[in-house]
Amino acid sequence: MSSSSLHRLPTPAPRLDDVLAELSARFAATAADHDAHGTFPHDNFALLHRYGLIAQVVPAASGGAGAGLAETRRIVAAVARGDSATALVLTMTYLQHRVIGRADSRWPEPVRRQVFRSAVDDGALINSLRVEPELGSPARGGLPATVATRVGDRWRLSGHKLYTTGIPALRWLAVWARTHEPVPRVGIFLVPKPAAGSDQAPGIRVIESWDHLGLRASGSHETVFDDVWIPLENAVDIRPPADWAPAGGSQADIDASADQQAWMVTLLGSLYDAVARAGVDWVHQFVRERVPGSLGKPLASLPRVQESIGTMAALLRTNQVLLDDMAARSDAGAPPPPAESGLVKYTVTSNAIRAVELALQLAGNHGLSRHNPLERHYRDVLCSRIHTPQDDAILTAAGRAALGV
């Protein structure tokens with residue numbers, strides 16, 4: 001074979017593990033700067049799209065990878081180890097793709113194809129916009145103040161949403177709203193948004209108010225809709241409010257809820273577990289290299305330090321077992337009931353927070369310095385308590401189940 005023919009041989013596609021290792025390192029190199037300035041990591045998503053990772057959960061029949069939960073968890077964990085804010089926005093897109101791609105999805109087929117095609121071709125991101133100033137967390141009940149009014153063959157949407165994670169780069173906004181009808185229905189209205197750098201969509205205004213303790217680069221700003229017009233078919237899933245209750249729908253709805261809860265818990269759990277692992281990695285290096293003058297040898301030589309490192313290992317090993325089990329059960333078509341998934345979320349996030357707290361105890365003031373990443377990892381991992389379901393709801397549900405009341 002000639003040398004010229006060798007040059008024409010196709011280049012083998014890189015292994016996913018190699019891609020994830022490269023991306024994790026590249027994201028980690030810019031994470032501190034994005035965190036310090038609260039800037040959105042647009043370049044990270046360009047890289048994710050270049051490697052086809054944004055469309056991983058899109059079904060293969062729609063041009064995506066059709067990844068299951070175990071594979072998706074691996075991607076989220078690797079991204080989060082580099083930049084947790086990037087991983088959070090990616091997770092939200094994955095969760096929406098899972099909802100849309102289920103066989104029993106209520107989304108109209110033309111709309112579903114449009115969302116999936118944009119993810120495959122352009123790396124388009126999507127997220128759900130639910131929280132409002134007056135409503136609080138929709139998971140705790142209440143009708144949204146965001147209103148959709150049907151006018152002919154279109155809907156006119158107005159309202160105000162908080163914590164719209166990823167809004168600087170989102171192309172699709174799945175907006176939780178109620179209809180302006182004598183008996184309101186509630187559900188999801190899909191609003192298209194121009195690509196980053198394009199002119200703002202008429203009627204959509206972003207209030208750049210996100211100034212948070214952690215996940216500062218996630219772009220979780222406020223979004224205001226003022227008479228935004230969308231096609232009739234973009235009311236993708238609207239129902240009577242009672243049908244959205246956990247046990248208010250059909251058996252298919254209950255099964256879908258269990259599946260979605262398992263995906264959410266596993267991916268968010270993987271994200272915060274990865275943040276904790278990044279913090280633990282840092283403290284491993286710190287105790288190996290730190291040699292106090294009074295000791296004359298590395299901190300790693302002390303039994304007390306070794307015990308703390310071992311405790312962190314036990315916490316993170318528990319997380320791995322729980323998250324791997326959840327992913328395997330879900331991929332086998334048997335996700336646990338939502339109450340059980342909630343307990344996994346509670347345990348995994350509690351373990352992640354505890355692991356970083358132990359790392360801080362070993363590092364002392366060094367760990368709290370903004371010159372070191374452990375301080376950022378601690379701020380980020382604390383955000384795990386805020387995600388639905390919250391600890392009080394998880395434990396109350398578990399208590400009721402245990403007591404049979």
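A residue counts as buried when its relative accessible area is under 20%, as exposed when that value is over 50%, and as partly exposed in between. The exercises below apply this cut-off and others to a predicted model.

**Exercise 1. Compare the backbone and the burial of Leu215 and Asp227, two residues with positive phi.**

Solution. Begin with the expectation that most residues other than glycine have a negative phi. Leu215 has a phi near 50 degrees, which is positive although the residue is not glycine, and Asp227 likewise has a positive phi, of about 55 degrees. Next, place each residue: Leu215 lies in the loop between strand 6 (204-207) and strand 7 (221-231), while Asp227 belongs to strand 7 itself. Finally, apply the cut-off: Leu215 is buried because its relative accessibility is 4%, whereas Asp227, at 40%, is therefore partly exposed.

**Exercise 2. Describe the cavity that a search of the whole structure finds, and determine which helices contribute to its lining.**

Solution. The search yields one cavity of 30 Å³ or more, and the volume of the largest cavity is about 60 Å³. Its lining consists of Ala31, Asp35, Asp83, Ser84, Ala85, Leu215, Arg216, Ala217, Arg376 and Asp380, so that Leu215, buried at 4% relative accessibility, appears here again as a lining residue. Sorting the lining by class gives five charged residues, four nonpolar and one polar. At least two lining residues come from each of helix 2 (16-37), helix 5 (84-101) and helix 11 (373-382).

**Exercise 3. Characterise the packing of helix 5 against helix 6 (residues 109-122).**

Solution. Two packed helices are described by the angle between their axes and by the distance between those axes. For helix 5 and helix 6 the angle is about 145 degrees, and the axes are 11 Å apart; the crossing of helix 5 past helix 6 is left-handed. On the side of helix 5, the contact is made by His97, Ile100 and Gly101, and on the side of helix 6 by Arg112, Val115, Phe116 and Ala119. These contact residues comprise four nonpolar, two polar and one charged.

**Exercise 4. Trp282 and Val283 are both found in helix 7 (residues 251-289); establish whether each is buried or exposed, and list the contacts of each.**

Solution. Take burial as the starting point: Val283 is buried because its relative accessibility is 0%, and Trp282, at 15%, is buried as well because that value is under 20%. For the contacts, set aside residues up to four places away in sequence. Val283 then touches Ile309, Met312, Ala359, Leu362 and Ala363, while Trp282 is in contact with Ala363, His366, Gly367, Asn372, Pro373 and Leu374, and Ala363 accordingly appears in both lists. As a last step, consider separation: Trp282 and Ala363 are 81 residues apart in sequence and 9.6 Å apart in space, C-alpha to C-alpha, whereas Val283 and Thr223 are 60 residues apart in sequence and 39 Å apart in space, C-alpha to C-alpha.

**Exercise 5. Determine the configuration of the peptide bond from Thr388 to Pro389, and locate Pro389.**

Solution. The general expectation is that most peptide bonds are trans. The bond from Thr388 to Pro389 has an omega near -5 degrees and is cis. Pro389 is located in the loop between helix 11 and helix 12 (391-403).

How values were computed. Residues numbered from 1 in each chain as written. Predicted model: local features only at pLDDT ≥ 70, side-chain atom pairs only at ≥ 80, totals over all residues. Heavy atoms only, no water. 1 Å grid on protein atoms, 1.4 Å probe; cavity = no way out; pocket = protein on both sides within 12 Å on 5 of 7 lines; lining within 4 Å. Points joined across faces, edges and corners; volume = space filled by probe spheres on them. Helix = DSSP H or I, 4+ residues; strand = E, 2+ residues; numbered from the N terminus. Nonpolar A, V, L, I, M, F, W, Y, C, P; charged D, E, K, R; others polar. Axes fitted to C-alpha atoms, helices over the stretch in contact; angles between N-to-C directions. Left-handed = near helix turned anticlockwise from the far one by under 90°. Contact = heavy atoms within 4.5 Å. Buried < 20%, exposed > 50% of the residue type's maximum accessible area, 1.4 Å probe, protein only.
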